[in-house]
Amino acid sequence: MKLPDPRLSRAVLIGTSQYDIENLPNLPTVANNLAAIKEALCDHNIWGLPPQHCRVIREPAEIPQMIDPVIKASEEATDTLIIYFAGHGLAGPDLGELFLALTKSDDDPRRVSFTSVAYDHIRRAIIHGNAKRKIAILDCCYSGRAIRSMSSTDTISAQANIEGTCVITSAAKDKLSLAPPGELYTTFTAELINILQNGIEGQPKRLTINNIYNHIHSALRSKTAPLPQIQNRNTAGQLEIINNRAVVSQNETPPGYGPVPGIEIGTEFPDRKALHKANVHRPLQAGICGTQRNGGAESIVVSGGYKDDKDYGDVIIYTGHGGRDPNTGHQIADQHESDPGNSALIASQMSRLPVRVIRGSEAGTEYSPSQGYSYDGLFIVADHWSTIGEDNYRILQFRLEALNEDSGSKALDEYESGGSKDTQAHLAPNRWEQVSRGIYQDRKLAEYVKKAHDHECQICGIALETIGGLRYAETSHIRGLGIPHNGPDTRDNILCLCPNHRMLFEYGAVVVDEKLQVVDQITGEIIDDLRMNNKHRVSQDHLRYHRELHQRASSNPYVSPI
């Protein structure tokens, strides 16, 4: 039996940790619950739910903020729907009623039904959905307990009269569901997260809901903690919902892409053999691991082998492979896109698969370890180009940007964005669009250029038209923004292009010559003249920069990486 199809499934994770009234103490661990559960559900080694299918609702203040995402997800999901709630649970004025607290909830029984979300409304939203299987997990508190405890009633399960549904609650009636101060997660959810991340020893390769519940029940019983409850309808508890990480980690090689289980950022290794043994970087000598065919590079080592490398912390300008004399360290020949390592990095730019970055002490930068090697997290390949290196040979360079927040340098963010991260975080999204780490473009400039050409591509003249008569085009900066290009966000540095020609232009498959003719670099043929008008002119200097950046060696025709 296969796991539920992630593409046809949805999850809504709801958490309320901050409250406006003193009678409802804050529950800071709830925020950690949400982050860890989403990370686990979206992990391909656990389930692989696409991030856009896993909605996180933090600190809902009004009833629609909690209800609407549940309704939307129940309409979209046709395979499996998961609804999770953590926060205070409130008793309603009528016997057996359960309400889920909002940040503005009032625990006064006379007001609770007007300031909180009735669980029955959640139930109804699920009932009228399209999912074949529905899972509700409720880790909720009750009334005015101190921060160290949360209460829940077993009426949750009693209310869960939903066909094909499994409902798990954190505690029975009048029992506490603990949230001890200083802990990372609430007590019940901590056991759930442990199973998601580490699996269950001695269980099958795929875990059912019943497997998960029974293990949580046993673990909490051994800790004399409140015991959870479960109610299944139509064998929903027998659904295989996740991969058992305990089995995967024992019997399978860790995945080629992404983090290696058990290896934290900053982990140091004495030598390349240790990197190989830990599956962090498998080659014992090559600096690039991975292939174009499989989607790109899995990992790279930044160890100072190429003098043109630049390390800014959360951005690395990495020199490609080839043409270097191993004895002198000097470049003695041009580099080419067809080199397996280089084509793998180009493929990474297209696939957007993350690349593990390992720094070696030989690089001698402020980010290098004092000895050996250190695993410094996941990066994406954001851009690549060719240039003449310090030894006067053609080299390929790749801009890698960190995905993890704690790997970077504040100085780079300030250099590229013109201000601190805190300042940039408050930019108006209707005016500024983030195009890269710490780099923003002015939306109004892009809109001006598109309107100047009536949304027609400056290369092919085509304008995409949608139903209703709306015209669509994209823009591309001729000289890239940010390090190392440092191009300006100005009209004369922007082209209006269709999606196809935007990609070809940004990857250097087409360039514009000094006569403003568009040249296909694969065939060498002239495609057309670049379309210009009096409303919008482009800079010859920027076009020259782009042309020289993507120059191709005559003996090395461009090879598409995918």
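In the predicted model, three strands form an open sheet in the order S27-S28-S29, and their pairing is antiparallel. The edges of this sheet are occupied by strand S27 (510-512) and strand S29 (526-529); each has a single partner strand, so one side of each is left without a neighbour in the sheet. On average, and with direction ignored, neighbouring strands of the sheet are turned by 25° against each other. Strands of a sheet pair through backbone hydrogen bonds, in either a parallel or an antiparallel sense. Here, strand S28, which spans residues 517-520, pairs with S29 in the antiparallel sense over three bridges. Within this part of the sheet, Val519 is found opposite Ile526 of S29.

The internal voids of the model were also examined. Empty space left between atoms is revealed by rolling a probe the size of a water molecule over them. With a lower limit of 30 Å³, the count comes to three cavities. The largest cavity has a volume of about 200 Å³. Its lining consists of 16 residues, and those nearest the centre of the cavity are Ile82, Ile135, Ile137, Leu192 and Ile212.

Both helices and strands contribute to the lining of the largest cavity. At least two lining residues are supplied by each of helix H1 (29-41), helix H6 (187-198) and helix H7 (209-222), and likewise by each of strand S3 (80-91), strand S6 (133-142) and strand S12 (240-243). Classified by residue type, the lining of the largest cavity comprises 16 nonpolar residues, with no polar and no charged residues.

Definitions and conventions
Residues numbered from 1 in each chain as written. Predicted model: local features only at pLDDT ≥ 70, side-chain atom pairs only at ≥ 80, totals over all residues. Heavy atoms only, no water. 1 Å grid on protein atoms, 1.4 Å probe; cavity = no way out; pocket = protein on both sides within 12 Å on 5 of 7 lines; lining within 4 Å. Points joined across faces, edges and corners; volume = space filled by probe spheres on them. Helix = DSSP H or I, 4+ residues; strand = E, 2+ residues; numbered from the N terminus. Nonpolar A, V, L, I, M, F, W, Y, C, P; charged D, E, K, R; others polar. Pairing = 2+ DSSP bridges. Axes fitted to C-alpha atoms, helices over the stretch in contact; angles between N-to-C directions.
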